[in-house]
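User: Please take a close look at the shell of residues around the ligand. Then show me how the rest of the chain fits around that part.

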Amino acid sequence: MLKSFWFWTLIVFIAMQFFSLDIPAKLPIKKDEELQTSSEVMNILKRSCYDCHSSEVKAPWYYKVAPISWFTQVHVKNARTVVNFSKWNSYSKEKQYKVLDKIPKSLLIRMPMPIYTYMHKNTILTKKEKKIVSKWAKELKEEIK
Ligand code: HEC
């Protein structure tokens, strides 16, 4: 009985692997499309946002293992739709404005996603870091208005 339970669990697990999303962690990067700003801001974004909002996602081993992959890859897909910082310069001013407008609020509770910071403690932003990113977003927003 127990043996067949694990047998079927294994079969289901293997079967799940055939339903992959194929959202690549890495996409081709064009240097001139990448966001460029102070290293202070870049370091924070790279540490805390680039695992979803970029073309250079650092994929852990489970990135491709279903069922976890279904969640991680959908997050990356949706996050890139909102903003992919590796493609920043290819966006219209309107789109950039919209994103910058949302950043300060997003940092209050939603970003980086709590389920992600729970798994990756080093991506939690301090109050000071949030202030730095918010200030950057507000200033750049005014600049491109
Ligand atoms: C684990 C993946 C992940 C990380 C890390 C992450 N995001 Fe997101 N982000 C998402 C997803 C998924 C969405 C779109 C769905 C949603 O709004 O929940 C999103 C949406 C957003 C939005 C739009 C919010 C809105 O109100 O429409 C902003 C702005 C944003 N993220 C900024 C950031 C910033 C800044 C960081 C880093 C400090 C960050 N995100 C880190 C996954 C992530």
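Analyst: Sort the shell by residue type to begin. Eleven of its residues are nonpolar, five are polar and two are charged. The model is predicted. The shell around the ligand has 18 residues, and Cys49, Cys52, Met111, Pro112 and Tyr116 come nearest. Two elements give two or more residues to this shell: helix H3, residues 68–82, and helix H4, residues 93–108.

Look at Met111 and Pro112 again. A cis peptide bond joins them, with omega about -15°. Pro112 sits in the loop between H4 and helix H5, which covers 114–119. A second cis peptide bond joins Ala66 and Pro67, and there omega is about 5°. Pro67 is in the loop that runs between helix H2, residues 39–48, and H3. Most peptide bonds are trans, and most residues other than glycine have a negative phi. Asp22 has a phi near 60°, which is positive although the residue is not glycine. Find Asp22 in the loop between helix H1, residues 2–16, and H2. Is Asp22 buried or exposed? Asp22 has 7 C-beta neighbours inside 10 Å, so it counts as exposed. The cut-off for exposed is 12 or fewer.

Now return to Cys49 and Cys52. Both come among the residues nearest the ligand. Both also belong to the largest nonpolar core. That core has nine residues: Leu35, Cys49, Tyr50, Cys52, Val57, Val76, Ala79, Val83 and Phe85. Another core lies apart from it, with six residues, including Ile44, Leu100, Ile103 and Trp136. In soluble globular proteins, nonpolar side chains tend to be buried together. Follow one member of the largest core, Leu35. Leaving out residues up to four places away in sequence, Leu35 touches Phe85 and Trp88.

Trp88 leads on to Glu33. The C-alpha atoms of Glu33 and Trp88 are 5.8 Å apart, though 55 residues separate them along the chain. Glu33 lies in the loop between H1 and H2. Which residues does Glu33 touch, not counting those up to four places away in sequence? They are Ser86, Lys87, Trp88, Asn89 and Ser90. Glu33 has 15 other C-beta atoms within 10 Å, so it is partly exposed.

Ser86 is in that list, so it is worth a look from the other side. Ser86 belongs to the loop between H3 and H4. With 23 C-beta neighbours inside 10 Å, Ser86 counts as buried, because the cut-off is 20 or more. Ser86 touches Ile29, Glu33, Glu34, Ser54, Ser55 and Glu56, again without residues up to four places away in sequence. Ala59 is 27 residues from Ser86 in sequence, and 16 Å from it in space, C-alpha to C-alpha. Tyr91 is found in the loop between H3 and H4 too. Tyr91 has 16 other C-beta atoms within 10 Å, so it is partly exposed. Its C-alpha atom is 18 Å from that of Glu139, which is 48 residues away along the chain.

Move to helix H6, residues 127–144. Lys131 is placed there. Lys131 has 13 C-beta neighbours inside 10 Å and so counts as partly exposed. Between the C-alpha atoms of Lys131 and Leu107 there is 9.2 Å, with the two positions 24 residues apart along the chain.

H1 is next. None of its 15 residues is buried, so H1 lies largely in the open. What span should H1 have, at 1.5 Å a residue? The expected span is 21 Å, and the end C-alpha atoms are 21 Å apart, which agrees.

Finally, step back to the whole chain. The protein chain has six helices and zero strands. Its pattern along the sequence is α-α-α-α-α-α. Its C-alpha trace spans about 65 × 30 × 20 Å along the principal axes. The radius of gyration is 18 Å, while a compact globule of 145 residues would have one near 15 Å. Of the 145 residues, 18% count as buried. Take the contacts between residues at least 6 apart in sequence: 83% of them join residues at least 24 apart.

Note on methods. Residues numbered from 1 in each chain as written. Predicted model: local features only at pLDDT ≥ 70, side-chain atom pairs only at ≥ 80, totals over all residues. Near = placed C-beta within 6 Å. Helix = DSSP H or I, 4+ residues; strand = E, 2+ residues; numbered from the N terminus. Nonpolar A, V, L, I, M, F, W, Y, C, P; charged D, E, K, R; others polar. Core = buried A, V, L, I, M, F, W, Y, C linked by C-beta atoms within 7 Å. Contact = placed C-beta atoms within 7 Å. Expected span 1.5 Å × (residues − 1). Rg over C-alpha atoms; globule rule 2.2 N^0.38 Å.
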